[in-house]
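Trainee: I'd like a close look at one part of this chain, where two pieces meet. Walk me through it slowly, and then show me how it fits with the rest.

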Amino acid sequence: MENTSEEFPLVAKKAAPVPPPLRCPPTTSYHQKGLLINASTLRGYSCVRTATRDLWDQLFEEGYRADVKISTDNGGSIYAHASVLGMASQVMKGMLKQAKGRGRHRSISIHGVPHDAVRVFIRLLYSSCCEKEEMEDYVLHLLVLSHVFVVPSLKQICIQQLENGFLTSENVVDIFQLALLCDAPRLSHICHRMILKNFQEISITEGWKVMKKCHPALEKALLESLADEENMQRERLRRSNERKIYFQLYEAMEALVHICRDGCQTIGPHDKDFQDNQAPCNYSACKGLEMIVRHFAGCKLRVPGGCIHCKRMWQLLELHSRLCVDSEACRVPLCRNFKERTKKQSKKDEIRWRILVKNILKTKSIGGSPFFSSAFCASP
């Protein structure tokens, strides 16, 4: 066979040529997923050239072929382009349709906020960019302007700026009122929680005094919500204390079965042999319960009502009988007797005991433990 490399010399392997370098690097902002623009995460990628944003800024700064004059406080003027303002804000589009002008300029007015704040706002409509210092200085004014002229993206940026470390005891009342006026429910909720949490400090600020004078209804609503919050805190504390008591009673029931069935350290059933090298007890309630059992065994006034310690022991025995599922096999004293006694109790007492048992089991189940300990229902 003839040599194909000689017959077809162009088939020979050659290295790929190196591409020539670019004359100037592209000014492209190219980032992967997670890019933040206007404080919101974009899907995919962004290939917006920084030169494009600079061009929009330059268009605003130079006012090239501007056809709108915006009048601000103290006789200030800002020149802009109707097409840009109308596309950025439907409210401004409506204002421009009704605006009157001389020659090629139409005039609109934005009063009630500083001139520099209006300038930053208009610039944001062009390039969605502003300096960090400008945002910090005029964030409250920008929030109002973004709400009035319906610019949701800017409004969201302002809300996030206010939420992230801008709130203080001195300005929270003012920002709370502003959030209510500008329909910012999340911000108003954060302010509301801050006011309730630091009420003593905030109630003596100048902002609170002004609100009390100008908006007494709002002050009344805040005071009512403060009272509701205090009531809820007291209720939560009461329920927490109840759960602790129910949990302690459940542990006492387990310890009682443990003592009567297996024995603990030096106390237990008569047929239990104790050794000196016994392992430590795992039931935290055993120590206190052991003292009550010893007292109950030797007390001369064991009848219910005769001794407060014995009365507590009678109550523990009755509670155990209502939790125990097998009185025939149970080794706790008087368990079966109390089971029979419950049939003769009044309806009122029966309901009271049922509620107690239900709360004890419910509290224990919340902690992840079973409704009934296996110690209740069987003997070794």
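Mentor: Let's start right at the contact: Trp 314, Leu 317, Glu 318, His 320, Ser 321 and Arg 322 on the helix 14 side meet Cys 335, Phe 338, Lys 339, Arg 341 and Thr 342 on the helix 15 side. Sorted by class, the contact of helix 14 with helix 15 is made of four nonpolar, three polar and four charged residues. Keep in mind that this is a predicted model.

Now the geometry. Two packed helices are described by the angle between their axes and the distance between the axes. For helix 14 and helix 15, the angle is about 80° and the axes are 8 Å apart. An angle from 65 to 115 degrees counts as roughly perpendicular, so helix 14 is roughly perpendicular to helix 15.

Zoom in on one residue of this contact, Ser 321. Ser 321 belongs to helix 14. Leaving aside residues up to four places away in sequence, Ser 321 touches Cys 335, Phe 338 and Lys 339. How buried or exposed is Ser 321? Its relative accessibility is 1%, and since buried means under 20%, Ser 321 counts as buried.

Next, look at what joins the two helices. Leu 334 is located in the loop between helix 14 (308-323) and helix 15 (335-342). The backbone of Leu 334 has something to check: phi is positive, about 65°, although Leu 334 is not a glycine. That deserves a look because most residues other than glycine have a negative phi. The relative accessible area of Leu 334 is 32%, which lies between the 20% and 50% cut-offs, so Leu 334 is partly exposed.

You can find other positive phi values elsewhere in the chain. Asn 74 has a phi near 60°, again positive in a residue other than glycine. Asn 74 sits in a loop too, between strand 3 (68-71) and strand 4 (77-80). With a relative accessible area of 83%, over the 50% cut-off, Asn 74 is therefore exposed. Asp 183, which follows helix 8, has a positive phi near 55°.

For a contrast to your helix pair, try helix 6 and helix 8. They pack at an angle of about 10°, with axes 10 Å apart. Under 35 degrees counts as roughly parallel, so helix 6 is roughly parallel to helix 8. On the helix 6 side the contact uses Leu 140, Leu 143, Val 144 and His 147, and on the helix 8 side Ile 175, Leu 178 and Leu 181. That contact of helix 6 with helix 8 divides into six nonpolar residues, one polar and no charged. Put that next to the four charged residues in the contact of helix 14 with helix 15.

Stay on helix 8 for a moment. Helix 8 (172-181) is mostly covered, with seven of its 10 residues buried. The buried ones are Val 172, Val 173, Ile 175, Phe 176, Gln 177, Leu 178 and Ala 179. Their packing partners are helix 6 (132-148), helix 7 (152-163), helix 9 (185-197), helix 10 (199-202), helix 11 (206-214) and helix 12 (216-261).

Rings are handy landmarks if you're spinning the model around. There are six aromatic pairs in the structure. One of them joins Phe 199 and Trp 208, edge-to-face, at 5.4 Å centre to centre with 85° between the planes. Phe 199 and Trp 208 are both buried. Elsewhere, ring pairs tie Trp 56, Phe 60 and Tyr 126 into a cluster.

One more loop before we step back: Arg 65 lies between helix 2 (50-62) and strand 3. Arg 65 has a relative accessible area of 63%, over the 50% cut-off, so it is exposed. Its C-alpha atom is 7.6 Å from that of His 81, though Arg 65 and His 81 are 16 residues apart along the chain.

Finally, the whole chain. Its secondary structure comes to 16 helices and six strands. Of its 380 residues, 35% count as buried. Take the contacts between residues at least 6 apart in sequence: 53% of them join residues at least 24 apart. The chain exposes about 25200 Å², and carbon and sulfur atoms supply 54% of that area.

Terms used
Residues numbered from 1 in each chain as written. Predicted model: local features only at pLDDT ≥ 70, side-chain atom pairs only at ≥ 80, totals over all residues. Heavy atoms only, no water. Helix = DSSP H or I, 4+ residues; strand = E, 2+ residues; numbered from the N terminus. Buried < 20%, exposed > 50% of the residue type's maximum accessible area, 1.4 Å probe, protein only. Phe/Tyr/Trp six-rings, centres within 6.5 Å; stacked < 30°, edge-to-face > 60°. Axes fitted to C-alpha atoms, helices over the stretch in contact; angles between N-to-C directions. Parallel < 35°, antiparallel > 145°, perpendicular 65-115°, else oblique. Contact = heavy atoms within 4.5 Å. Nonpolar A, V, L, I, M, F, W, Y, C, P; charged D, E, K, R; others polar. Areas by Shrake-Rupley, 256 points an atom, 1.4 Å probe, with all protein chains shown as cover.
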